[in-house]
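Welcome! Take a moment to look over the sequence and the 3D view, and then let us walk through a few places together.

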Amino acid sequence: MTQENLLEDYRIGWRSRETSLTGWKEVFSGKAKFGIFGDGKELPQLAMARAFRPGDLRSGYYRDQTFMLAAGVLTVEQFFAQLYAHADLEADPATAGRCMNSHFATRFLDPQGHWLDLTAGPQSSADVSPTASQMPRLVGLAQASKFYRHLPDLQQGFERFTRQGNEVAWGTIGNASCAEGMFFESINAAAVLQVPMVVSIWDDGYGISVPNRYQIAKEDLTSLLSGFQRQLAESDANAARRGIELRTVDGSDYEALVQAYAEIGELARREHVPAVIHVVNLTQPQGHSTSGTHKRYKSPERLEFEETGDGLVHLRQLILDRGLATAEELETLESEETQGVRAARDRAWSAYTDSISDDARTFLDLARDLASATPAVAEPVDQITRSVEGNTAPLRRDLASATHRLLVATRNDDSPARQQLAQWSRDLEATGRRRYGSHLHSESDLSPLNLEAVPPVYADNPKRVNGSEVLNACFREAFQRHPELVAFGEDVGKLGDVNKGLEGLQEAFWIEALEGLTDGDAVQRITDTGIREVTIMGQAIGLALRGMRPVAEIQYLDYLLYGLQILSDDLATLQYRTRGGQKAPAIIRTRGHRLEGIWHSGSPMGATLNLLRGVHVCVPRNMTQAAGLYNTLLAGDDPGLVVEVLNGYRTKEALPENIGEMRVPLGVPEILREGSDITVVTYGACCKVVLDAAKRLADEGVSLEVVDVQTLLPFDRHHRIVESLQKTGRILFVDEDVPGGASAFMKQRVLEEQNGYYWLDEQPLTLTAEDHRPPYGSDGDYWAKPNIESVFDAAWELMHRSQPGRFSAIR
């Protein structure tokens, strides 16, 4: 390593350390709400940056500021802008003030939401806070390189995503987070898949206040992970290649760190071998975060080590021992960097406060005009105005609150001054909601919400096939059209999923393993996985982040709970937390509803709706509708969850001639049966139950209008349900979720958001499953979930509430 290399690395390390120290002071001064920093981890991150190549990707966490600075994808000014929550993309291009500090990301998309060239420089997927949640996504980021290297149809046309599969996905994690199941599941998945993934463990011996002896068996991650170590014996070469490379390095030995990262990075890049670099003896000089001091829980001996074991201290001494600089020259360098950090802090603070000061000045001008125009309330107006004038660093919420109070105080005034203030208030509200609420979904021209419906086309005498065959035909055409499409999950490969939706497709799209690739299944477009829902979801996210289109299967809807944290905290928030900077249009496929049994029949749609805002939730009633929804999602650039009806795979359906082109629009209900007495809103498996009940009710003179919502997120974008309610005056929501689940969601949307309450002639009803799980067996299912008779009774009651005797005669 040259003199210039060492001095430049020390300069960046000192800059990062000063950024941490200054950041703590900003929190304690009240200018920022919370701070968490990467001090003590500088040396291994500098070494990692040296091994990083353009097109490589990071999936890390909130200790990685040194790496981001060294890789040239973060400035100190941007760091402080995020610390202050400056909601401006130019100031904080990672999150636009939406994430707390030290949540890093690069922009994968241009302002129009289209992909940038991800090979042009180092890239970072967007950080998440939950511990170890960065790991499942890392598996997918690495697996994409394997696909790009080995799939023949991806060798051209995907240059913006890959350099012929020669990228490495680099993950970072703290030692305590390695106790999480997501960490072990991800390491295991990487070892099975043999993907180019390098995980760095920053081990400072603690997880907040808890030492390693409470976190990790044997108190040593190297020992714990040794079973994953690949064995290089010639007699077992194939098994060896399916392990991981494991290396332990002292975090204060910079030369050893640089060598280790160079060797491991090249190994992963050349051979697609996953690896773990366990960096030990690291320090955390200021403790975990600004929430408390480590002096409360660290011994005097450990606190002394925080000073003597500091990697920057060791690197400084190395430079002095080598005669690469004098102490005076290093002091000058340190002083320059300290002043540079403070100047960057001041610029970031000025930019943040100036953007609000402009609004504050406008508010004060409007408030003074209002005081002059309304002498009767001049005193309270003046009091409210002074409260803003006396605030040296007002927030926009302070301005919004003061404006609201002024408008209330002058509510009987209709002067032009008040009208101006009211308009400014409306503009401030609209701008604020846009500033902090945009990009929950794609806002590009590729959004699936922009796609028009393409109805199915049938022959004069259409072929009737099992529902599974309809799906199979849809997927077959999709795999022919989209070379970047892959599908994986439990039993997806050889069986073609347990319900045959992909039957025969693995063989039809089989890729012959290239020379030197020991496990051909690892690069098949349609393949099995182990029982590991978390990393199946992580693979989907990482692959989609790199331009591929994964269909990742959760075998049954109940099992969604295994992967729900990753789907909720990572996939659903991705576009939002980057303000349109990254997207992962993954499709999650599952099935549910009417299979009997406590753990195979749940419909946790209420939880799904609450936790997956940002993902389109599709609930088709049959496989033709499911096919149309898959086609819509594949043509768009948003993530989606499709819940197929389990009992529909053996139900006969007419096979559309345009199965590969038909599309079902998102957020557009379909009226399955027209009626005049009651609007019944439902979805999925309940559609057939309600239609059967409607036939019986028709014989008794009750006319149901049956509405299939088709998608719960988005829900009825054009308010078609309230149009039905205007005709019937009565509404019943039927749902297999527990009471207060998806039925309450639908009811709120129709009655409150769509103002449906205005058209009601009777109290609205919901008919749901029971609170308990459905027991095993068809009889248990009957008394646990809505059935034909319970729908009949609910509708009858709704029709005859003014005639009590009519209802009592039914039972």
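Strands β3 (residues 169–174) and β4 (residues 197–202) run parallel and are joined by six bridges. One of the partnerships to look for pairs Ala-169 with Met-197 in β4. Please keep in mind that this is a predicted model.

Around these two strands, helix α5 (residues 134–150) packs on the sheet and touches β1 (57–59), β3 and β4. The direction of α5 makes about 165° with that of β3. Another helix, α2 (residues 42–51), lies across β3, β4 and β8 (275–280), and runs at about 165° to β4.

How many strands form the open sheet that has the order β2-β1-β3-β4-β8-β7? There are six, and their pairing is parallel. At the edges sit β2 (123–124) and β7 (245–250), each of which pairs on one side only.

Now let us move further along the chain, to strand β21 (residues 731–734). Ile-731 and Phe-733 point one way from β21, while Leu-732 and Val-734 point the other way. All four of these residues are buried. Strand β21 has parallel partners, and the table sets out its pairings.

| Strands joined | Bridges | Direction | A pair of residues |
|---|---|---|---|
| β18 (residues 678–682) and β21 | three bridges | parallel | Thr-679 and Ile-731 |
| β21 and β22 | three bridges | parallel | Phe-733 and Thr-766 |

The loop between α25 (742–753) and β22 (765–767) holds Tyr-758. Is Tyr-758 buried or exposed? Its relative accessibility is 60%, so Tyr-758 counts as exposed, the cut-off for that label being over 50%. Together with Tyr-757 and Trp-759, Tyr-758 forms a nonpolar patch on the surface. The accessible area of these three residues together is about 390 Å².

A last stop is Glu-255, in helix α9 (residues 254–271). Glu-255 has a relative accessible area of 33%, so it is partly exposed, a label that covers values between the buried limit of under 20% and the exposed limit of over 50%. Which residues does Glu-255 contact, leaving aside its neighbours within four places in sequence? They are Leu-318 and Arg-322. As for Leu-193, it is 62 residues from Glu-255 in sequence, and the two are 31 Å apart in space, C-alpha to C-alpha.

Methods
Residues are numbered from 1 along each chain as its sequence is written. This is a predicted model: local features need pLDDT of at least 70, side-chain atom pairs count only at pLDDT 80 or more; totals for chains, interfaces and linings use all residues. Side-chain values use heavy atoms; hydrogens and water are left out. Patches are made of residues with over 30% relative accessible area and no salt bridge: like charges are joined within 9 Å, nonpolar side chains (Val, Leu, Ile, Met, Phe, Trp, Tyr) within 5 Å. Accessible areas come from the Shrake-Rupley method with a 1.4 Å probe; for residues, only the protein chains shown count as cover. A salt bridge is a side-chain nitrogen of Lys or Arg within 4 Å of a carboxyl oxygen of Asp or Glu. Helices (H or I, at least four residues) and strands (E, at least two) are DSSP runs, numbered from the N terminus. Buried means under 20% relative accessible area, exposed over 50%, partly exposed in between (1.4 Å probe, protein chains only). Two strands pair if DSSP finds at least two bridges between them. Contact means heavy atoms within 4.5 Å. Axes are lines fitted to C-alpha atoms, for helices over the stretch in contact, and angles run from 0 to 180 degrees between N-to-C directions.
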